[in-house]
Amino acid sequence: MIHVVTKANRAIYQEQMEEQFHIRHDIYVKQRKWMDLDRPDGREIDQFDNDDATYLLMLEDNRVIGGSRFVPTIKPHLMSEVFAFLANVRGVQRGHDIVEWTRIFIVPEKRSVFNLKKMYAGVLEYCLNEGFNTITIVMETWWIPRFLELGWDVIPLGEPMMHDNMEIIAVMVNIEQEKYNELKFHIKVDNNLLIYNNKNI
């Protein structure tokens, strides 16, 4: 299942949160060479891993195999504070119904099409549950065809730019119930994907 971790229940998930930060370091620093994120303690953590952040953690036997992070756009977030220059056409999108999505990952040994689509479905379920109509993302441009294959409405906020040897872009994606239903149909899941407060962890 995919667990929703917020300020309110984070104490339950202390072990999994630390595991997530180490996995993120392995993926983003060691594998993808985002060296600006390197830390001597082997944890990938930034100023947006704060009390405003919500995490989706995909767990298998209580171990983290995937994750995502959400930050309200009405608060300081990655696009507004670090990458505003990417939104040089439509501007940084803010609103109570808009949330920023960052730090999506599946650990390499579990990186199946099923698990990726399950995480995508979990993202849509979270947004629908919380009343978010739009997500904003700073991402490498190779994500765009993946999202288009899902039928997602990907709207660039500016032109792609090179940053730290990567081509990155700011986009927004509209959240649609139909796309959520289609994803669940493809992965053959009938029930809800998210757990909001598991006291048995």
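Me: What supplies the largest share of the lining of the second largest pocket?

Reply: S4 does, with three residues. This is a predicted model, where local features need pLDDT of at least 70, side-chain atom pairs need 80 or more, and totals for chains, interfaces and linings use all residues. Residues are numbered from 1 along each chain as its sequence is written, and side-chain values use heavy atoms, leaving out hydrogens and water.

Me: What makes S4 (98–106) a strand?

Reply: Strands are DSSP runs of E with at least two residues, so 98–106 counts.

Me: Why is the 470 Å³ space called a pocket?

Reply: On a 1 Å grid over the protein atoms alone, a pocket is an open set of points with protein on both sides within 12 Å along at least five of seven lines. The volume, about 470 Å³ here, is the space filled by probe spheres set on the points.

Me: What makes Trp-34 a lining residue there?

Reply: Lining residues have an atom within 4 Å of a point, so Trp-34 does. Trp-34 is also among the closest to the centre, with Leu-37, Leu-78, Phe-83 and Arg-103.

Me: How do you know that Trp-101 is buried?

Reply: Trp-101 belongs to the largest nonpolar core, 69 residues. Such a core takes buried Ala, Val, Leu, Ile, Met, Phe, Trp, Tyr and Cys joined through side-chain atoms within 4.5 Å. Buried means under 20% relative accessible area (1.4 Å probe, protein chains only), so Trp-101 falls under that.

Me: Which residues of this core touch the most other members?

Reply: Trp-101, Tyr-120, Phe-147 and Trp-152. Helix H3 (residues 113–130) gives the largest share of the core, eight residues.

Note on methods:
On a 1 Å grid over the protein atoms alone, a cavity is a set of points where a 1.4 Å probe fits but cannot get out, and a pocket is an open set with protein on both sides within 12 Å along at least five of seven lines; lining residues have an atom within 4 Å of a point. Helices (H or I, at least four residues) and strands (E, at least two) are DSSP runs, numbered from the N terminus. Buried means under 20% relative accessible area, exposed over 50%, partly exposed in between (1.4 Å probe, protein chains only).
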